[in-house]
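Me: I am new to this structure and should be grateful for a close look at a single part of it, the sheet of one chain. Please then set that part in its surroundings, in one connected account.

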Protein chains: 2
Amino acid sequence: MAVRKIAESTVRRLSLYLRFLEEFELQGASTVSSEALASRGGTTSAQVRKDLSFFGSFGKRGLGYQVGALKTQLREILGLGRRYRVVVVGAGKIGSALVQYGGFRARGFDLVAIYDKDPKKIGRQWDGLTVRDAALLDKELTEHQADIGAVVTPAEAAQGVADRLVASGITAILNFAPVQLQVPEHVTVKTVNLVLELEALSYVLANR
Amino acid sequence: MAVRKIAESTVRRLSLYLRFLEEFELQGASTVSSEALASRGGTTSAQVRKDLSFFGSFGKRGLGYQVGALKTQLREILGLGRRYRVVVVGAGKIGSALVQYGGFRARGFDLVAIYDKDPKKIGRQWDGLTVRDAALLDKELTEHQADIGAVVTPAEAAQGVADRLVASGITAILNFAPVQLQVPEHVTVKTVNLVLELEALSYVLANR
């Protein structure tokens, strides 16, 4: 399906609608109203109808949306109809938590390799994966392409790792290091960092 | 110190500069150039100078910034000169990880209470904290005000918990649930959700 470029905030709402539909389906519901979707997405039912009509999905007045069909369609729009190969660089605490987090696989993201440069970590078994020598990263990515690279290194190593991932053809990076990664325009970076979010809150609290 | 309202992206860069200064200080460095700060913040040295001059901090040409003094000043701007009381609502896996995460306390964020409504979880000891009955949340927040509420509940409970936090006077929320929380304008919400970031990446990969 060809999809026009849509705003990041819309993609985020589609993810939230999908979460809701999955839970709703588990409860045995077969239809859902735009109002119910709106409450999950923190938006209005008019916005829900607009978000979904954009992709050719129309609820029936008084009947709402078919849960199963809309779920399938949202999964397709979000690119979840296929599986993604994820390599993790950095076998510290967060890297370990990532590898052990079962939710990845359930959502279609397969962790295929984890790398570290610390000889004490290389060779360790983590949830079926062996920590590999980071020196092999570039060569192995060239042989077995991955879709997403997760950067879970200390801050000072993160940009170098990102550069290597990009040079090896990775175009999507999930960054956990407290660094703003510099990447070419064709590469997308998403950042997950609890401390940055906490400090954004403390800034607001302190400067009110 | 009175500070004008600054953009969220600037606050984020200040956090990144601060991380860098902390590491740099550990290495024994006493001065830092705007170029070095720029590399960490994913920006230019001109932007660094602009960010910092905004707060009255000026590096000396050829000498750069004093690491210790700039660190102290950034901590003050980010509101890190004081401690924050954080209550956690939801004692599931992520709530547990949060409570055990040592980085909170080191950065000035004290977890003072954790709540859950599940009788099987209430009373459990977690890293020195006893899981409390969520029914007591409102009353206890009125008696002992907290600064930040962390919402770590299942999605369907998150908005209700947020409403109760806001009604109890909380104005800063850290949200881990896959829901866009609706809050009054005076309340700030920051969201941390790995699955939403992953799906934003899969959307981009699928729709290129």
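Reply: Within chain B, Asp116(B) has Asp133(B) of β6(B) as its bridge partner. This pair is read from a predicted model, as is everything that follows. The two strands concerned are β4(B), residues 109–116, and β6(B), residues 129–133; they run parallel and are joined by three bridges. In general, strands of a sheet pair through backbone hydrogen bonds, in either a parallel or an antiparallel sense.

The antiparallel sense is found where β6(B) meets β5(B), the strand of residues 125–126, with two bridges between them. One position of this pairing sets Trp126(B) opposite Leu129(B). At another, Gln125(B) has Thr130(B) of β6(B) as its bridge partner. The connection from β5(B) to β6(B) is a hairpin with two residues between the strands. In that turn, Asp127(B) has a positive phi of about 50°. Strand β6(B) is thus described by two pairings, parallel with β4(B) and antiparallel with β5(B).

These strands belong to a wider arrangement. The sheet of chain B is open and consists of seven strands, in the order β5-β6-β4-β3-β7-β8-β9, with mixed pairing. The edges are taken by β5 and β9 of chain B; each has a single partner strand, so one side of each is left without a neighbour in the sheet. A helix, α8(B), packs on this sheet and touches β3 (84–89), β7 (148–151) and β8 of chain B. The direction of α8(B) makes about 170° with that of β7(B).

Away from the sheet, two helices of chain B also meet. The axes of α1(B) and α4(B), the latter spanning residues 67–77, come within 9 Å and cross at roughly 145°. The crossing of α1(B) with α4(B) is left-handed. On the side of α1(B), the residues that meet α4(B) are Leu14(B), Tyr17(B), Leu18(B), Leu21(B), Glu22(B), Phe24(B) and Glu25(B). From α4(B) come Val67(B), Gly68(B), Leu70(B), Lys71(B), Leu74(B), Arg75(B) and Ile77(B). Sorted by class, this contact comprises nine nonpolar, one polar and four charged residues.

Some of these elements take part in the meeting of the two chains. That contact draws 47 residues from chain B and 48 residues from chain A. On the side of chain B that touches chain A, the elements giving two or more residues are α1 (8–26), α2 (34–41), α8 (155–167), β8 (172–175), β9 (188–191) and α9 (194–206) of chain B. The largest share of this side, 13 residues, comes from α9(B). The classes on the side of chain B are 25 nonpolar, eleven polar and eleven charged residues. The edge strand β9(B) and the packed helix α8(B) are therefore among the elements that link the account of the sheet to that of the interface.

Two helix crossings illustrate the meeting of the chains. In one of them, α1(A), residues 8–26, and α9(B) have axes that come within 10 Å and cross at roughly 120°. This crossing of α1(A) and α9(B) is right-handed. Here Glu8(A), Val11(A), Arg12(A) and Ser15(A) of α1(A) meet Leu196(B), Glu199(B), Ala200(B) and Tyr203(B) of α9(B). The contact of α1(A) with α9(B) has four nonpolar, one polar and three charged residues. In the other crossing, the axes of α9(A), residues 194–206, and α1(B) come within 10 Å and cross at roughly 120°, and the crossing of this pair is right-handed. The residues that make this contact are Leu196(A), Glu199(A), Ala200(A) and Tyr203(A) of α9(A), with Glu8(B), Val11(B), Arg12(B) and Ser15(B) of α1(B).

The relation between the chains can be stated exactly. A rotation of 180°, with 0.0 Å of shift along its axis, superposes chain B on chain A with an RMSD of 0.0 Å. This is the relation of a two-fold axis. Val192(B) has the C-alpha nearest the axis in chain B, at 3.4 Å from it. Of the interface residues of chain B, 100% are also interface residues in chain A, so the copies meet through the same surface.

Technical notes
Residues are numbered from 1 along each chain as its sequence is written. Chains are lettered from A and ligands numbered from 1 in the order in which they are written. This is a predicted model: local features need pLDDT of at least 70, side-chain atom pairs count only at pLDDT 80 or more; totals for chains, interfaces and linings use all residues. Two residues are in contact if their C-beta atoms, placed from the backbone, lie within 7 Å. Helices (H or I, at least four residues) and strands (E, at least two) are DSSP runs, numbered from the N terminus. Ala, Val, Leu, Ile, Met, Phe, Trp, Tyr, Cys and Pro count as nonpolar, Asp, Glu, Lys and Arg as charged, and the others, Gly among them, as polar. Copies are superposed by least squares on the C-alpha atoms of residues with pLDDT of at least 70 in both. Axes are lines fitted to C-alpha atoms, for helices over the stretch in contact, and angles run from 0 to 180 degrees between N-to-C directions. A crossing is left-handed if the near helix is turned anticlockwise from the far one by less than a right angle, and right-handed if clockwise. Two strands pair if DSSP finds at least two bridges between them.
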